[in-house]
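Here are some short exercises to work through with the model open on your screen. Try each task before you read its solution.

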Amino acid sequence: MTTTPDIAPSTEADVAAVRDALGLLKDREQVAERLLDSSKKHSFDPDTELDWDAPFEDGKWFWPPELVSLYDTPLWKRMSQEQRLDLARHEAASLASLGIWFEVILMQLLVRHIYDKPLTSNHVRYALTEIADECRHSMMFARLIKKGGAPAYPVSRLHHNLARLLKTVSTTPGSFTATLLGEEILDWMQRLTFPDDRIQPLVRGVTRIHVVEEARHVRYAREELRRQMAKCPRWEAEFTRISSGEAARIFSVSFINPEVYTNVGLDKREAMAQVKASGHRREVMQTGARRLTDFLDEIGVLRGIGRRLWVSSGLLAK
């Protein structure tokens, strides 16, 4: 009787050691075991951890002003402080909406990843733990949007359906590249947000929970992406490069819903043009992506057409 290799129980000792440009990869089961231990010690229930009934504080921001899309543009300089604060509130809702959209996609990709893996392994147990984390994060972001009073801001129908296509045809390394794209840039911004006493306490609490728990998710995705890129066939690596570049382009275009400008009384076309021309905004996005793009470059994702797509997204300097 033959056994299906993808489903048969196995350990990292059963396969040859995997090495890439960053060195020898760690044992997959041991990595997952450490992440499971961390999850036991540092996981949060946002419903009980945060004070959802406390009123918002007058004059405090919902997002650091330096991270607001129009910061330091001519239009920003003409806006009143009240309008700037309101724009930050709407952009926080837009980013939370983007976060929910991305996390729903990531949960689907993770479930697909573990479908053929040994279901009692630490690797699968941690993936299920991460899915539970992402469920809580999505509900937390939705509750923050409603509490803040701004509308939810879905991505465009075009990008919604493009993402449906990308996640359907995504390779396994492509799925983990998309995971990191959705996590690392927002994580960089949130690390600037939660210690900032200019920010609303509830927003600081939400971002603190997300940063602590996402650190594990990033570790899991990076380790698995390294493994996948080192072992996958050439066609799969090339397809991953192209699909991740297209995902980066969709992500950057969807980052802030343009309706936020209309909803705070600004001319949408003028605002979008000034954001596009803003050197400060370009530096913010590239700085937020740099840790990720450096990593992707080292493991061979940023090559050829894929690299050009990343440059066109604005997340990677030429």
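**Exercise 1. Cysteines**

Classify Cys 135 as buried, partly exposed or exposed, do the same for Cys 232, and find how many disulfides the structure holds.

Solution. Keep in mind that this is a predicted model.
- Step 1: Cys 135 has a relative accessible area of 33%. Buried means under 20% and exposed means over 50%, so Cys 135 is partly exposed.
- Step 2: Cys 232 has a relative accessibility of 14%, and therefore counts as buried.
- Step 3: a search of the whole structure for disulfides returns 0.

**Exercise 2. The overall fold**

Describe the secondary structure of the protein chain and decide how its radius of gyration compares with the globule rule.

Solution.
- Step 1: count the elements, and you get 13 helices and 2 strands.
- Step 2: the radius of gyration is 20 Å, and the globule rule gives 20 Å for 318 residues, so the chain is as compact as a globular protein of that length.
- Step 3: along its principal axes, the C-alpha trace spans about 70 × 45 × 35 Å.
- Step 4: turn to the contacts with a separation of 6 or more; 83% of them join residues 24 or more positions apart.
- Step 5: look at the surface. Of the 318 residues, 53% count as buried. The chain exposes about 15,300 Å², with 55% of that supplied by carbon and sulfur atoms.

**Exercise 3. One end of a helix**

Place Ile 114 in its helix and list its contacts beyond neighbours within four places in sequence.

Solution.
- Step 1: Ile 114 belongs to helix H4, which covers residues 81-114.
- Step 2: the C-alpha atom of Ile 114 is 44 Å from that of Arg 84, a residue 30 positions away along the chain.
- Step 3: the relative accessible area of Ile 114 is 7%, so this residue is buried.
- Step 4: setting aside those sequence neighbours, Ile 114 touches Leu 119, Val 124, Ala 127 and Leu 128.

**Exercise 4. Salt bridges**

Work out which residues pair with Glu 224, and where the partners of Asp 86 and Arg 89 sit.

Solution.
- Step 1: side chains of opposite charge can pair when their charged atoms come close.
- Step 2: the whole structure contains 21 salt bridges.
- Step 3: one of them joins Glu 224 to Arg 28, with the closest N and O atoms 2.6 Å apart. Glu 224 is in helix H8 (residues 201-231) and Arg 28 in helix H1 (residues 28-41), so this pair ties together parts that lie 196 residues apart in sequence.
- Step 4: Glu 224 also bridges to Arg 227, with a closest N to O distance of 3.9 Å. These two are 3 residues apart in helix H8, about one helical turn, and both are buried. For Glu 224 the relative accessible area is 2%.
- Step 5: elsewhere, salt bridges with shared partners link Asp 133, Arg 136, Glu 213 and Arg 216 into one network.
- Step 6: Asp 86 pairs with Arg 89 at 2.7 Å between the closest N and O atoms. Both residues lie in helix H4, 3 residues apart, and Asp 86 is partly exposed at 22%.

**Exercise 5. A nonpolar patch**

Find which residues form the nonpolar patch on the surface and which helices supply at least two residues each.

Solution.
- Step 1: the patch consists of Leu 165, Val 169, Trp 235 and Phe 239, with about 410 Å² of accessible area together.
- Step 2: helix H6 (157-169) and helix H9 (234-254) each supply at least two of its residues.
- Step 3: Trp 235 is found in helix H9, and its relative accessibility of 59% makes it exposed.

How values were computed:
Residues are numbered from 1 along each chain as its sequence is written. This is a predicted model: local features need pLDDT of at least 70, side-chain atom pairs count only at pLDDT 80 or more; totals for chains, interfaces and linings use all residues. Side-chain values use heavy atoms; hydrogens and water are left out. Patches are made of residues with over 30% relative accessible area and no salt bridge: like charges are joined within 9 Å, nonpolar side chains (Val, Leu, Ile, Met, Phe, Trp, Tyr) within 5 Å. Accessible areas come from the Shrake-Rupley method with a 1.4 Å probe; for residues, only the protein chains shown count as cover. A salt bridge is a side-chain nitrogen of Lys or Arg within 4 Å of a carboxyl oxygen of Asp or Glu. Helices (H or I, at least four residues) and strands (E, at least two) are DSSP runs, numbered from the N terminus. Buried means under 20% relative accessible area, exposed over 50%, partly exposed in between (1.4 Å probe, protein chains only). A disulfide is a pair of cysteine sulfur atoms within 2.5 Å. The radius of gyration is taken over C-alpha atoms; the globule rule is 2.2 Å times the number of residues to the power 0.38. Contact means heavy atoms within 4.5 Å.
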